[in-house]
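Me: I should like to learn how to read the features of a protein model. May we go through one together?

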Amino acid sequence: MLSREKPDYILNYMERTKRSRQLYERACKVMPGGVSHRYRFIAPHPFFIEAAEGSRIRDVDGNEYIDLWMGHFALILGHRSSVAQEALEEASRVGTHWGIVHEYQVRFAELLQELVPCAEKVIFGVSGTEATMYAVRLARGFTRKSTILKIQGGWHGANSELIWAVKPPYERPETLGLPPGMDRYVKAIPFNYVEETLRVIHEVQDDLAGIIVEPVVGAGGFLPAEREYLSMLREETKRLGAVLIFDEIITGFRLSLGGAQEAYGIVPDIATLGKVVGGGMNLGVIAGREEIMALCDPTVPREKGEGVVVGGGTFSCSPMSMIVGYRVVEYLRERSQEIYPELERKGRVLREGMVRALTSHGILARSTGMGSLCGLYFPKDESVKVKSPGDIQSLTDVALLDHEFRLRMMNHGVFIMHGGGALSTAHTDKDIETIIEATEDVAKEIRASR
Ligand SMILES: Cc1ncc(COP(=O)(O)O)c(C=O)c1O
């Protein structure tokens, strides 16, 4: 009875994903909400994946999708690329985990130092969440100040330092379990709004340790920073002796070999890397200026509490992550002249094509993104201008984007995030054409349902 009241696209999805539903019911008995990562829940239930190859994934009910999620945007060479598969075999011959220093990690660090502009020194960890946490600790340790500014709507992982001002209302804590008074030392600034941001910087300037920003805000739907905004952050942090941190966990090795810092020509003091750099293995990297990174040099004799502890973690520098990450980044370096312009071209075709498909059927839509990152939003009216994640939340139809449009696209065999996602070298022109055709079919359905 209840299910009859559900809209057609949900019923259609449920009909196509019955085996997933059974697995999800089992999952709910053993995991809260049936998932271990909140972004992996999709109402009414997520589909369960069975196989993945190139640009395609298949679920346990046999449905195929063109994947634009690409493992949280990590898989720039596509699923099961031959480069990553061969590297995995190479790694499996030597070991999965040693916990002892080895040559592969030196080789990988040398490669990152060569390619990432701010990487005078690098440290490897196991996740992006951890990398951003340590970046903030380094900023505070280096400046001996406490206040960190982050972007409203910016997601840097769920560590307790930075899980703040992710979703509106930005002044309310995101979660229970944080120490009281967090907002005293972590304050949020509106992305791309220069005057408002300057006002906050001036308010906290005597205690400013650092500013952390994604040059293209992922959780906001791939909103690129305006150049002027990043330049202002660079100048202000320099003027105040504070640390500028670029969270390049999405943009690193995706926008270019040198990431967003190369694309924008603005070099931060520290960058955090993850996703693409691991080649599909779990990896987080902190890369930064020598004098800041020197604070965690364990060979320097210091009084307790005078250095910065960067844990690394039991599984840091595993031969798996070092070999696979190295091989993928090496491959990107060897073919960068063809890979990045080609990804950029395909990104442009996809962004323009999806917007055209929607608007030609009377649905107001605009694209976001840069290079191979493609997003969409549905403005509430023609006059809407979106610059920040806050604008997306207040001026656009987020429910349509994140649920109805997404589910309808899945029913047409395309798995998206933020209205799009991340292209890989495995996505062909034909895939892009298919996605645009699916968008057109979905546009017609939405139009007919209103
Ligand atoms: C920009 C950004 N920073 C940090 C993180 C956290 O990285 P991880 O999920 O590897 O912990 C993410 C993950 O989505 C991210 O997109």
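Me: Which elements cover the buried residues of α15?

Reply: This is a predicted model. The cover over the buried residues of α15 includes the helices α1 (8–16) and α16 (429–449), together with the strands β3 (64–67), β14 (373–377) and β15 (414–415). The residues of α15 that lie buried are Leu401, Phe405, Arg406, Leu407, Arg408, Met409, Met410 and Asn411.

Me: Why does the distance between the end C-alpha atoms of helix α15 agree with the expected span?

Reply: The expected span of a helix is 1.5 Å times one less than its number of residues. Helix α15 covers residues 398–411, which is 14 residues, so a span of 20 Å is expected; the end C-alpha atoms are 19 Å apart, and this agrees.

Me: Where is the kink in α15 centred?

Reply: The kink, of about 30°, is centred on Phe405, which is also one of the buried residues of the helix. Just after α15, Gly413 has a positive phi of about 85°.

Me: Why does His418 count as buried?

Reply: A residue is buried if 20 or more other C-beta atoms lie within 10 Å of its own. His418 has 27 C-beta neighbours inside 10 Å, and therefore counts as buried. His418 is located in the loop between β15 and β16 (421–422). Apart from neighbours within four places in sequence, the contacts of His418 are Gly221, Phe222 and Gly375.

Me: How many residues surround the ligand, and which are the closest?

Reply: The ligand is surrounded by 15 residues, and the closest are Ser127, Gly128, Thr129, Gly157 and Ile249. Helix α6 (residues 128–143) gives the most to this shell, with three residues. Sorted by class, the shell holds ten polar, three nonpolar and two charged residues. As for the position of His418, its C-alpha atom is separated by 17 Å from that of Ile249, 169 residues away along the chain.

Me: What are the domains into which the protein is divided?

Reply: Domain 1 is made of 2–79 + 340–449, and domain 2 of 82–334. Their C-alpha centres lie 27 Å apart.

Me: How should one describe the place where two domains meet?

Reply: The size of an interface is often given as the accessible area lost when the parts come together. Here one may count contacts instead: 25 residues of domain 1 are in contact with 27 residues of domain 2. On the side of domain 1 that touches domain 2, α3 (70–73), β13 (366–370), β14 and α14 (389–395) each supply at least two residues. By class, that side has twelve nonpolar residues, twelve polar and one charged.

Technical notes: Residues are numbered from 1 along each chain as its sequence is written. This is a predicted model: local features need pLDDT of at least 70, side-chain atom pairs count only at pLDDT 80 or more; totals for chains, interfaces and linings use all residues. Helices (H or I, at least four residues) and strands (E, at least two) are DSSP runs, numbered from the N terminus. The bend at a residue is the angle between axes fitted to the seven residues ending there and the seven starting there. A residue is buried if 20 or more other C-beta atoms lie within 10 Å of its own, exposed if 12 or fewer, and partly exposed in between; C-beta atoms are placed from the backbone. Two residues are in contact if their C-beta atoms, placed from the backbone, lie within 7 Å. A residue is near a molecule or strand if its C-beta atom, placed from the backbone, lies within 6 Å of it. Ala, Val, Leu, Ile, Met, Phe, Trp, Tyr, Cys and Pro count as nonpolar, Asp, Glu, Lys and Arg as charged, and the others, Gly among them, as polar. Domain bounds come from an automatic or database domain assignment.
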